[in-house]
Each structure stands twice: as structure tokens, then as C-alpha cells.
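Ready for some practice in reading a protein model? Take a look at the structure first, then work through the exercises at your own pace.

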Amino acid sequence: MAATITALRGATMALNRSSRLKSSIFTTASRSLSTNPHVVVDKFVSSPPPSPPSSTAQTLRHPNDVNDRNSIYADEDTRTMGGVTATVRRDWTKAEIAEIYTLPFHELMYRASTVHRMYWDPAEVQQCTLLSIKTGGCTEDCSYCSQSTRHKTFVKPTPTMKVQEVLEAAKRAKDAGSTRFCMGAAWRELGNKKNAFNHILDMVKGVNGMGLEVCCTLGMLNGEQAKQLKEAGLTAYNHNLDTSPEHYPNVITTRTYEDRLETIANVRDAGISVCCGGILGLGEKETDRVGLLHVLATLPEHPESVPINALVAVEGTPLGDASADEEQETDGIADVDSFDMARMIATARIVMPRTMVRLSAGRLSFSDAEQYLMFQAGANSIFNGDKLLTTDNPAFDADTALFNKFGFVGKPAHAGPRVAPSEVLGEVEITKVKGAEQQYA
């Protein structure tokens with residue numbers, strides 16, 4: 001991996017040298033990156049190499065590990081293209097994020113799409129498959145969830161799937177084009193489920209051995225459990241925050257917001273990529289959507305991926321029943337359209353430029369054109385397959401047709417994302433900070 005990073009850094013430096021303007025522009029750093037008077041900003045606009053091969057922009061890839069990717073750009077401050085400037089930062093204020101979120105839709109979409117093209121190849125989309133390996137019987141009271149024992153829904157509790165059954169499902173997903181296989185269990189926490197946990201470790205090892213990336217969502221984890229999952233080959237761990245800290249108690253009372261943040265910290269400390277997002281349609285206000293993005297964008301490290309879900313209202317759950325009651329004022333429950341989704345995705349793309357944004361639950365309710373709007377807003381990952389835990393999701397064949405229609409290609413497993421073609425072809429102005437006291441990566 002070190003050799004890969006060195007090679008990519010060398011290639012990037014070579015491109016920069018060959019494509020800088022005839023005179024480099026040096027200025028003293030004017031924004032609050034550092035108080036060190038020796039910090040300077042190096043701005044350059046690269047031009048294409050003399051005779052670049054046509055496939056260059058499609059073959060140059062970043063390292064697969066998110067920390068390795070970030071280290072390559074440790075001295076980078078901002079990127080600018082088409083009049084839009086973006087930066088990776090973790091000191092966003094709610095007011096700043098709200099200002100972005102409430103932009104006129106056409107302007108928000110332009111900015112987000114431009115940021116997306118500065119950091120990513122918009123043609124490459126990750127395909128993930130989610131399998132419920134333990135359905136129902138959860139003791140939590142999440143008011144949207146059909147798997148809670150507190151709600152009378154169509155879901156019937158089932159025992160944990162056998163290891164071989166899971167591996168067979170993973171093989172089918174791989175054959176259908178999926179490159180990340182996610183396993184979900186309806187548990188509040190792993191706790192002392194030693195036998196079940198050992199089976200899950202075997203599942204992780206087996207799926208990883210197929211050449212697939214592996215993700216789990218198993219409820220709360222302690223630090224030791226996270227380390228064991230990492231050693232077994234786990235790529236990522238999903239643990240959503242669902243909504244803002246302020247609205248959260250209206251949705252869930254059996255697990256605190258701090259519990260969720262602690263699990264995220266345990267996962268991150270174990271070296272596992274963090275997958276963390278939320279759900280629209282929980283009766284939240286726009287300020288809550290901004291609040292969720294603020295928490296995510298100010299974590300010590302931005303999540304590797306942020307899933308954006310639209311509530312799929314299930315009869316028998318409190319939110320599902322409220323949505324179905326025509327006489328009850330639902331106040332935004334399950335009332336999510338494509339513009340809501342696109343606005344949330346676009347804002348996430350702008351405030352977390354290097355994070356993968358995943359179009360998740362609820363995708364089946366949107367047309368192809370509406371989904372394209374969301375990809376234009378900056379989404380570059382999807383869940384595919386017939387089921388998303390317990391609710392319907394587009395089938396593999398439908399997603400293959402969708403990719404062909406949009407001209408998308410799937411991201412390979414265990415391969416880093418493509419370097420943005422705009423970066424390779426010299427269409428982005430990159431500002432780098434040089435000095436001993438750098439405040440931003």
C-alpha cells in the first residue's frame with residue numbers, strides 16, 4: 001500500500017509540474033488555516049500532459065483505504081472549478097450548512113454537481129447488496145422499524161442465518177455485479193452473543209475471501225468487538241444517526257444519540273470505515289436535516305460513506321400508522337419527494353466532498369429520471385437487490401438497465417475510486433498549503 005501511495009503521489013506531482021502555469025502564484029494564506037506566518041498557498045492549474053492516453057482518466061485510481069487516500073491530499077486546501085470552490089473541513093457551523101441547504105435549487109444542484117466532478121468520477125457508482133441475516137425480534141423502539149418487538153407488523157422473527165446460506169447469497173450478489181456485501185442483524189447490540197458473533201466473524205471471513213468488500217450493521221459495538229471484526233476482514237460498519245440530536249428522542253428512546261456516537265468512535269478507532277447517515281420522513285423539520293449533516297460533517301473524520309434514506313412507511317409501526325391515517329396531521333412523516341432527497345444529497349456532497357454518498361432505502365419509489373437527479377446531486381453509491389432488510393428495493397436486472405441508461409460503471413471491489421477526470425485532465429485549480437502548522441487536510 002505504501003508503494004501505491006508513493007506512486008500515486010509521484011504521478012500527481014509529475015502532472016502538477018508539467019501543467020503549472022508558467023509562473024506559479026504564491027500568496028500568504030489569508031484564511032484562518034494557521035497563524036504561522038511561514039504558511040504559504042501554492043495555486044496551480046494543471047493542463048493535460050503532452051499526449052495523454054484517452055484511458056488515463058479511467059484507469060488512475062486512489063488507494064482503497066480511505067485513510068491512505070486522505071494522506072495523499074494532506075497538504076491540500078481548496079479546489080476550484082467553474083466558479084465553485086470546495087474544501088474538506090470539519091469545522092462547519094450549522095449556519096453555514098443551512099445557508100448551503102437553502103440555496104435556490106438550481107444553484108445548489110450546480111454547486112454540488114461541480115464539487116462532485118472535482119473530487120470523483122461521476123460515471124463510477126458503487127453497488128452494494130444488503131442481506132438481513134437476523135430478521136425481527138429487536139427490543140428497540142425505533143418508531144420507523146418493522147423489526148421491533150414493540151410493533152405489530154408483517155415481519156416475523158427468524159433465527160440467524162447459517163454461514164453457508166449467507167455465503168451463497170453473497171455469491172449471487174457478486175455474480176449480479178455487486179462489489180460490497182452488507183449484512184444486517186436486528187439487534188440492539190452484540191452484547192454477549194458470543195456464539196452468534198463467532199458465526200458472523202466466519203461470514204465476514206468467507207465473504208471477504210470471495211473478493212467482495214464486507215459491511216455489517218449489528219447494533220452497538222464495543223471496542224474489542226470492532227477489533228475482531230477488523231481482523232476478520234470487515235471493510236465498513238454501518239451505524240446511522242437517523243436524524244438530528246434534537247429530533248432523535250421523538251423517534252427512539254431505547255438508545256441514546258451518545259450511544260450511537262460511541263459505536264461510531266469504536267469502529268473508527270479499530271480502523272474500519274464508517275458508514276453513517278440518516279432517514280428523511282421521520283417527521284423532522286429542515287433544521288433537523290441540517291442538524292444531522294452538521295453532526296456528520298464535524299466528526300473527527302468524515303464518514304467513508306453517508307447513506308441517505310427515504311422512510312418506507314410500514315403498517316404497524318408508529319410512523320407508518322401515522323402516515324396512513326388520513327385524519328392525522330403527519331407533519332412530514334413519509335412525505336419525501338425527489339427534491340428533498342436531491343437537496344439532502346447535494347448538501348452532503350458539498351460539506352463532505354471526499355465522502356461517498358449512498359442512495360439507499362426508498363429508491364424504489366422514485367422514477368429513473370428522479371434517481372438521475374439524485375446522482376447529479378452527488379450520489380455515487382446505491383444498494384441493489386430485491387430487498388433492503390425488510391422493504392422492497394429495485395432488482396439487480398433493473399439496476400443493470402439503469403446503469404446502462406445513465407452510462408454508469410460499477411466500482412470494483414477492493415479498488416479505490418477513480419481519480420476525478422477533471423483532476424487528471426487539469427480542469428481543477430488546486431490550492432495547497434505548505435508550512436509546519438497546517439490545520440486542514
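**Exercise 1: two helices that cross**

Helices α6 and α7 cross in a right-handed way, a term used when the near helix is turned clockwise from the far one by less than a right angle, with anticlockwise being left-handed. The model is predicted, so local features need pLDDT of at least 70 and side-chain atom pairs count only at pLDDT 80 or more, while totals for chains, interfaces and linings use all residues. Residues are numbered from 1 along each chain as its sequence is written, and side-chain values use heavy atoms, leaving out hydrogens and water.

Task: Describe how α6 and α7 pack, and find which residues meet.

Solution:
- Step 1. Helices here are DSSP runs (H or I, at least four residues), numbered from the N terminus; α6 covers residues 163-175 and α7 covers residues 194-209.
- Step 2. Their axes, lines fitted to C-alpha atoms over the stretch in contact, make an angle on a scale from 0 to 180 degrees between N-to-C directions. For this pair the angle is about 30° and the axes are 10 Å apart.
- Step 3. That makes α6 and α7 roughly parallel, the word for angles under 35 degrees.
- Step 4. Contact means heavy atoms within 4.5 Å. From α6, Val 163, Val 166, Leu 167 and Ala 170 meet His 199, Asp 202, Met 203, Gly 206 and Val 207 of α7.

**Exercise 2: a second pair**

Task: Now do the same for α10 and α12.

Solution:
- Step 1. Helix α10 (residues 286-297) packs against α12 at about 25°, with axes 11 Å apart.
- Step 2. These two helices are therefore roughly parallel to each other, and their crossing is right-handed.
- Step 3. Arg 289, Leu 292, Leu 293 and Ala 297 in α10 meet residues of α12, including Met 344 and Ala 348.

**Exercise 3: looking for disulfides**

Task: How many disulfides does a search of the whole structure find, and how far is the sulfur of Cys 215 from the closest cysteine sulfur?

Solution:
- Step 1. A disulfide is a covalent bond between the sulfur atoms of two cysteines; the cut-off is a pair of sulfur atoms within 2.5 Å.
- Step 2. The search finds zero disulfides.
- Step 3. The sulfur of Cys 215 lies 3.8 Å from that of Cys 182, its closest, which is too far for a bond.
- Step 4. Cys 276 is in no disulfide either, as the nearest cysteine sulfur, in Cys 275, is 7.6 Å away.
- Step 5. Cys 276 is buried at 0% relative accessibility, where buried means under 20% relative accessible area with a 1.4 Å probe, protein chains only.

Key
Buried < 20%, exposed > 50% of the residue type's maximum accessible area, 1.4 Å probe, protein only. Parallel < 35°, antiparallel > 145°, perpendicular 65-115°, else oblique.
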